[in-house]
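Reader: I would like a close look at the metal site of this protein and at the charged side chains around it. Could you take me through that part carefully, and then follow the chain outwards to whatever else deserves a check at the bench?

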Amino acid sequence: MKFIRFTSDDDNTYYGVVESQEDKRARIVKGSIFADFSVTEKFAPIKKYLSPVLPPNIIGIGLNYAKHAEETGIGYPEIPVMFLKGTNAVTAHLQPIHLPGIGPDEVDYEAELAVVIGKPAKNVTKDKAGEYILGYCCANDVSARDWQIKKQKKQWARGKSFDTFCPIGPCLVTRDEIPNPNGLWIQTEVNGTILQDSHTSDMIYDVPTLVSHLSQSMTLMPGTVILTGTPEGVGFTRKPPVFLREGDQVTVSIETIGRLINPVVREK
Ligand code: MG
């Protein structure tokens with residue numbers, strides 16, 4: 001099933017089910033997608049996409065694709081690299097990414113497979129990890145590199161937590177439709193040019209390993225989003241570097257999930 005969260009013509013917010021991203025209306029869902037719900041026979045027009053989830057935590061995993069770890073020059077991590085990203089950063093399909101008014105101009109894209117936790121997960125084994133996953137979304141772990149690396153002395157959280165720096169969407173695809181989350185194509189396009197073109201099989205720590213690992217220290221509450229890392233081709237490693245500019249359009253595409261599209265504007 002493909003869940004979306006949206007506002008409709010009556011300005012109410014709904015969860016809905018769509019067949020495809022091209023649908024102009026969604027079948028309304030009653031109840032919570034994290035508990036009991038039913039898909040009704042009623043349809044509502046989609047006026048505005050919202051993030052499919054309002055996460056209690058966003059856990060980022062760094063350097064988790066082999067070719068990306070190589071391109072950064074940092075190398076393979078001995079354990080999963082973990083950081084927390086502010087939930088204030090969440091935004092949705094077709095909503096703008098704001099270049100921070102404070103500067104800088106080194107804002108980068110990171111296509112990521114987002115794992116959405118469905119039920120409280122603590123001390124979960126790798127072979128049971130899948131049972132705790134509700135589904136998957138596309139995400140963009142937007143990162144202001146000079147804050148991430150220079151100004152904050154390699155403390156990543158601030159440079160990754162500016163408002164609108166976590167587009168999630170367009171939909172949440174339930175796990176039954178993605179039996180192997182490490183078998184998906186993943187891409188980023190900026191203004192139609194493909195800049196990241198990879199496959200989730202390049203992950204160093206696969207999805208079950210990440211869920212199990214994180215759950216050893218913290219309860220992963222329903223709605224928790226795990227950003228599973230980005231593949232090679234990010235802007236700051238390019239020669240010359242590529243950073244997002246006002247007027248750009250960034251698209252993160254993942255096989256079976258869809259296309260997460262965001263325009264780039266400058267914060268007033
Ligand atoms: Mg990332």
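Author: Strands and helices are named here as DSSP runs, numbered from the N terminus, where a strand needs at least two residues and a helix at least four. The model is a predicted one.

The magnesium ion is held by three side chains, with oxygens of Glu110, Glu112 and Asp141 coordinating it at 2.0 to 2.1 Å. Along the chain these donors follow the spacing E-x1-E-x28-D. The pair of Glu112 and Asp141 brings distant parts of the chain together, since Glu112 belongs to strand 11 (residues 111-117) while Asp141 sits in the loop between strand 12 (133-140) and strand 13 (143-144), 29 residues apart. Glu112 and Asp141 are both buried.

Two of the donors also take part in a wider arrangement of charges. Glu110 and Asp141 belong to a network of salt bridges that also includes Lys85, Asp108, Arg145 and Lys160. Within this group Arg145 repays attention: it lies in helix 2 (residues 145-151), and it counts as buried because its relative accessible area is 3%, whereas the limit for that word is 20%. The side chain of Arg145 reaches that of Asp108 in a polar contact of 2.8 Å. Apart from neighbours within four places in sequence, Arg145 is in contact with Glu106, Asp108, Tyr109, Glu110, Lys150, Lys160, Val234, Phe236 and Phe243, a list that includes the metal donor Glu110.

Two residues from that list are joined to each other, for the side chains of Lys150 and Glu106 meet in a salt bridge of 3.7 Å, N to O. This pair again links distant parts of the chain, with Lys150 in helix 2 and Glu106 in the loop between strand 9 (97-99) and strand 10 (107-108), 44 residues apart. Lys150 is exposed, with a relative accessible area of 53%, while Glu106 is partly exposed at 23%.

Phe236, which appears among the contacts of Arg145, is also touched by Thr72, whose other contacts beyond four places in sequence are Leu63 and Thr237. Thr72 is found in helix 1 (residues 66-72), and a polar atom of its side chain lies 2.9 Å from the backbone oxygen of Ala69.

The strands that flank the metal loop have another role in the model's packing. Strand 11 and strand 12 are among the elements that cover the buried residues of helix 4, together with strand 6 (58-62), strand 7 (81-85) and strand 17 (225-227). The buried residues of helix 4 (residues 207-215) are Val207, Leu210, Val211, Ser212, Leu214 and Ser215.

Some backbone details also deserve a check. Most residues other than glycine have a negative phi, and most peptide bonds are trans. Asn123, in the loop between strand 11 and strand 12, has a positive phi of about 50 degrees although it is not a glycine, and it is partly exposed with a relative accessible area of 47%. Asp11 likewise has a positive phi, of about 65 degrees; it lies in the loop between strand 1 and strand 2 (13-18) and is exposed at 53%. A cis peptide bond, with omega about -5 degrees, joins Lys239 and Pro240, and Pro240 lies in the loop between strand 17 and strand 18 (249-254). Another cis bond joins Gly169 and Pro170, its omega also being about -5 degrees, and Pro170 has its place in strand 14 (residues 166-174).

Further out, charged pairs continue, and the total for the model comes to 11 salt bridges. One of them joins Glu177 to Lys2, the closest N and O atoms being 3.8 Å apart. Here Glu177, in the loop between strand 14 and strand 15, and Lys2, in strand 1, are 175 residues apart along the chain. Glu177 is partly exposed at 32%, but Lys2 is buried at 17%.

Strand 15 (residues 185-190) holds Glu189, which counts as buried at 14% relative accessibility. The side chain of Glu189 makes a polar contact of 3.4 Å with that of Arg259, and its contacts beyond four places in sequence also include Ile194, Gln249, Val250, Thr251 and Ser253.

How values were computed:
Residues numbered from 1 in each chain as written. Predicted model: local features only at pLDDT ≥ 70, side-chain atom pairs only at ≥ 80, totals over all residues. Heavy atoms only, no water. Donors = N, O, S within 2.8 Å, 3.2 Å for Na, K, Ca; no water. Buried < 20%, exposed > 50% of the residue type's maximum accessible area, 1.4 Å probe, protein only. Polar contact = N/O pair within 3.5 Å; in protein donor to acceptor, adjacent residues only side chain to side chain. Contact = heavy atoms within 4.5 Å. Salt bridge = Lys/Arg side-chain N within 4 Å of Asp/Glu carboxyl O.
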